[in-house]
Amino acid sequence: YCQTDIPAGDVSGTWSLSNSPYHINGNITIPNGQTLTIEPGVTAVFKEACKLNVQGRLIAVGTPEDTITFTAEDPNTGWHAIKFIETPMSNDTSKIVFCKIEYGKLNQGDWLDRCGGAILSSNFSKLIISNCLLQNNRVYNTGDMYSGSGGAIALDNASPIISNNCIINN
């Protein structure tokens with residue numbers, strides 16, 4: 001039984017099934033110009049309030065038989081989602097395909113931190129979200145203008161391709 005601990009900071013390269021599950025112990029970022037590829041069947045388990053910031057490119061393409069799972073270490077406290085915020089357009093298209101994204105709970109931070117329980121895309125459209133299951137994600141409204149938007153997916157000045165997904169209990 002293997003597992004890989006990922007500390008806070010920059011990530012890129014390949015997350016392989018043989019090293020799964022990946023335990024994310026702080027906020028992680030794919031830097032501009034770099035790619036993180038996640039192999040089919042990998043599970044990424046996030047500690048409370050940790051998020052994946054994408055400033056480069058994310059390739060998370062599973063298969064119908066081997067989905068990629070993004071989940072929380074504790075479903076009660078959740079994690080803080082996949083964020084594409086001002087991702088430079090010089091990066092190629094990111095792909096989230098045949099993935100399960102669950103237990104995002106956005107309950108702290110500014111308004112962008114409280115949008116998109118599973119995925120937020122703000123000012124970035126080079127993104128494909130397809131054939132995914134997005135379930136049990138939640139955002140909390142603090143009374144700010146946009147806070148609490150998009151229990152599963154939130155878009156702000158973005159037009160990604162979103163197709164054939166199952167979005168339940170968000």
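**Notebook: a buried lysine and its surroundings**

I began with Lys83, which is buried at a relative accessible area of 2%. A note to self before going on: this is a predicted model.

**Entry 1: Lys83.** I looked up where this lysine sits, and its place is in strand S11, residues 82-85. What does its side chain reach? I found the backbone oxygen of Cys115, at 2.9 Å. Then I listed its contacts, leaving aside neighbours within four places in sequence. Lys51, Leu52, Asn53 and Val54 are among them, and so are Leu106, Leu112, Asp113, Cys115, Gly116 and Leu120. I count Lys83 as buried because its 2% is under the 20% cut-off.

**Entry 2: the sheet around S11.** I turned to the strands next. How many strands form the open sheet, and in what order? There are 6, running S2-S5-S8-S11-S15-S19, with parallel pairing. Strand S2 (9-10) and strand S19 (153-156) stand at the edges with a single partner strand each, so one side of each has no neighbour in the sheet. I also checked how S11 is joined to strand S8 (residues 52-54): 2 bridges link them, and the two run parallel. Leu52 has Ile82 of S11 as its bridge partner.

**Entry 3: Ile82 and the core.** Ile82 made me curious about the packing. Its contacts, again without neighbours within four places in sequence, are Leu52, Val54, Leu58, Phe70, Ile96, Ile101, Ala118, Ile119 and Leu120. I then looked up the largest nonpolar core, which has 35 residues. The largest share of this core comes from strand S10 (residues 68-72), with 3 residues. Which residues have the most contacts inside the core? They are Trp15, Leu58, Phe70, Ile82, Ile96, Ile101 and Ile119. As background for the bench, nonpolar side chains tend to be buried together in soluble globular proteins.

**Entry 4: aromatic pairs.** The structure holds 3 of these, and I wrote up two. The rings of Phe46 and Trp79 are stacked, because their planes meet at 20 degrees, with the centres 4.1 Å apart. Phe46 belongs to strand S7 (residues 43-46) and Trp79 to the loop between S10 and S11, so this pair ties together parts 33 residues apart in sequence. Are the two partners buried or exposed? Phe46 is buried at 1% relative accessibility, and Trp79 is buried with a relative accessible area of 0%.

My other pair, Phe84 with Phe124, is also stacked, at 5.7 Å centre to centre and 5 degrees between the planes. Phe84 takes me back to strand S11, while Phe124 lies in the loop between strand S15 (119-122) and strand S16 (127-130), so the pair ties together parts 40 residues apart in sequence. Both Phe84 and Phe124 are buried.

**Entry 5: cysteines.** How many disulfides does a search of the whole structure find? The answer is 0, and I wanted to know why for two of the cysteines. Cys50 has its closest cysteine sulfur in Cys99, 19 Å away, so the distance is too far for a bond. Cys132 also has its closest cysteine sulfur in Cys99, at 4.7 Å. That is still too far for a bond, because a disulfide needs the sulfur atoms within 2.5 Å. I checked burial as well: Cys50 is buried at a relative accessible area of 6%, and Cys132 is buried at 3% relative accessibility.

Notes. Residues numbered from 1 in each chain as written. Predicted model: local features only at pLDDT ≥ 70, side-chain atom pairs only at ≥ 80, totals over all residues. Heavy atoms only, no water. Core = buried A, V, L, I, M, F, W, Y, C linked by side-chain atoms within 4.5 Å. Buried < 20%, exposed > 50% of the residue type's maximum accessible area, 1.4 Å probe, protein only. Helix = DSSP H or I, 4+ residues; strand = E, 2+ residues; numbered from the N terminus. Contact = heavy atoms within 4.5 Å. Polar contact = N/O pair within 3.5 Å; in protein donor to acceptor, adjacent residues only side chain to side chain. Phe/Tyr/Trp six-rings, centres within 6.5 Å; stacked < 30°, edge-to-face > 60°. Pairing = 2+ DSSP bridges.
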